[in-house]
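Please work through the following exercises with the sequence and the model at hand. Each task is followed by a solution in steps.

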Protein chains: 2
Amino acid sequence: MSLAVINYARAMGRWEPNANGRLVRAALELYVERGFEGTTVAEIAKRAGLSERTFFRHFADKREVLFWGSAALQELLVRTIAEAPASTAPIVVIGMAIEAAGVQFQEGREGARLRQTVIAANAELQERELIKLASLATAMDEALRQRGAREPGASLSAQAGIAVLKIAFEGWVNGSDELDLPTMIRDLFEDLKDVSAGR
Amino acid sequence: MSLAVINYARAMGRWEPNANGRLVRAALELYVERGFEGTTVAEIAKRAGLSERTFFRHFADKREVLFWGSAALQELLVRTIAEAPASTAPIVVIGMAIEAAGVQFQEGREGARLRQTVIAANAELQERELIKLASLATAMDEALRQRGAREPGASLSAQAGIAVLKIAFEGWVNGSDELDLPTMIRDLFEDLKDVSAGR
């Protein structure tokens with residue numbers, strides 16, 4: 001396909017290879033450059049080379065661009081928990097799920113960093129992030145109970161998993177490029193064992 | 001003092017015994033009766049027998065009535081951590097702080113229940129609650145580090161403490177009248193030890 005044809009199709013708004021990814025990237029760039037408040041949907045769409053209509057086919061508003069991955073993340077966590085071998089201890093199951101999430105973040109390191117910069121600068125976005133994390137804990141708790149884990153072990157494991165994810169993610173996103181998030185997560189679950197025992 | 005004098009002083013807005021407590025109680029009652037959204041500051045002030053001006057001397061807005069205790073709670077947690085005997089393990093220090101918080105909640109059980117009913121019915125208030133809990137975790141983490149605790153032990157202990165508080169509080173506030181929150185908190189820290197070890 002020649003460039004002219006691609007541009008024509010783009011202008012018509014019908015040819016949208018990975019429109020979602022382009023919108024996310026454009027939005028993150030603009031949020032970092034101009035701030036979240038100072039960016040409009042029109043500007044995001046323009047930078048992505050797409051129409052506003054296309055934007056709204058993918059996202060309810062400009063805030064949702066930052067959280068579009070959270071449904072997929074929840075699915076990954078719940079699936080990993082459901083598929084873990086029977087008789088695995090709840091905290092080990094949660095460790096597998098959080099590590100799987102860590103692998104995903106590690107693969108999208110640059111985007112994760114940009115996103116974090118934007119969220120850290122805006123109180124409303126931080127609230128939203130906390131709500132999403134609380135939902136993930138609830139979903140993991142439920143997934144554990146569905147495989148027979150009992151309370152309070154299921155809640156404690158799920159909440160501990162989110163605590164590990166928060167601490168590991170913060171160290172990773174603000175740390176040097178060499179850091180490996182899945183390894184940091186594994187180490188923190190080991191630390192948690194010692195810490196909880198008062199060592 | 002005769003009743004007439006009291007009423008006169010009230011009308012003048014100068015005599016306000018425990019105005020704070022009366023406003024909190026009036027607000028909680030109205031939020032439960034009419035919903036948080038459906039209640040105005042004027043109605044709260046009227047039910048408390050105080051003026052709107054008095055309301056705004058005590059609270060920035062009607063949301064803050066629900067969170068006015070959080071500064072005192074944070075102080076209690078930080079003080080308990082600072083005053084714990086040296087060489088006490090971080091998770092044990094956090095256990096002491098969270099249990100002290102539990103004692104306070106236990107003493108104000110009725111108010112805690114009303115407050116929880118209101119917050120559970122409103123997404124925005126839930127976000128606010130999560131932000132406050134996250135701030136408490138940060139404050140406890142800092143208080144631990146000030147007494148020499150190192151990372152990641154300090155963060156893990158602080159986050160685990162908040163996890164225990166959330167789980168214990170939810171069970172207590174929704175459970176029977178006989179439940180004792182401080183005991184539930186102690187038990188959960190024991191459970192956490194087992195859960196983290198994969199037992």
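The exercises below proceed from the single chain to the contact between chains.

This is a predicted model, in which local features need pLDDT of at least 70 and side-chain atom pairs count only at pLDDT 80 or more, while totals for chains, interfaces and linings use all residues. Residues are numbered from 1 along each chain as its sequence is written, and chains are lettered from A and ligands numbered from 1 in the order in which they are written.

**Exercise 1. Describe the secondary structure and overall dimensions of chain A.**

Step 1. Chain A contains 10 helices and 0 strands; helices (H or I, at least four residues) and strands (E, at least two) are DSSP runs, numbered from the N terminus.

Step 2. The C-alpha trace of chain A extends over about 65 × 30 × 30 Å along its principal axes.

Step 3. Chain A has 199 residues, of which 34% are buried. A residue is buried if 20 or more other C-beta atoms lie within 10 Å of its own, exposed if 12 or fewer, and partly exposed in between, with C-beta atoms placed from the backbone.

**Exercise 2. State how chain A is divided into domains and how these domains touch.**

Step 1. Domain 1 covers 3-65 and domain 2 covers 69-196 of chain A; the bounds come from an automatic or database domain assignment.

Step 2. Between the C-alpha centres of the two domains of chain A the distance is 29 Å.

Step 3. To their contact, domain 1 of chain A contributes 6 residues and domain 2 of chain A contributes 9 residues. Contact requires that the C-beta atoms of two residues, placed from the backbone, lie within 7 Å.

Step 4. The domain 1 side comprises 4 nonpolar, 1 polar and 1 charged residues. Here Ala, Val, Leu, Ile, Met, Phe, Trp, Tyr, Cys and Pro count as nonpolar, Asp, Glu, Lys and Arg as charged, and the others, Gly among them, as polar.

**Exercise 3. Is Asp141(A) buried or exposed, and which residues does it contact?**

Step 1. Asp141(A) lies in helix α8 of chain A.

Step 2. Because 26 other C-beta atoms are within 10 Å, Asp141(A) is buried.

Step 3. Beyond its neighbours within four places in sequence, Asp141(A) contacts Ala154(A), Ser155(A) and Ala158(A). Ser155(A) is 14 residues from Asp141(A) in sequence, yet 5.3 Å away in space, C-alpha to C-alpha.

**Exercise 4. Analyse the contact between chain A and chain B.**

Step 1. Chain B and chain A give 26 residues each to the contact.

Step 2. On the chain B side, the elements giving two or more residues are α6 (90-107), α8, α9 (153-174) and α10 (181-196). The most come from α9(B), with 9 residues.

Step 3. The chain B side divides into 16 nonpolar, 6 polar and 4 charged residues.

**Exercise 5. Determine how α8(A) and α8(B) are arranged.**

Step 1. The axes of these two helices, residues 123-146 in each chain, come within 9 Å and cross at roughly 90°. Axes are lines fitted to C-alpha atoms, for helices over the stretch in contact, and angles run from 0 to 180 degrees between N-to-C directions.

Step 2. The crossing therefore makes α8(A) roughly perpendicular to α8(B), a label for angles of 65 to 115 degrees.

Step 3. Glu127, Leu130, Ile131 and Ala134 of α8(A) meet Glu127, Leu130, Ile131 and Ala134 of α8(B). By class, this helix contact holds 6 nonpolar, no polar and 2 charged residues.

Key: Parallel < 35°, antiparallel > 145°, perpendicular 65-115°, else oblique.
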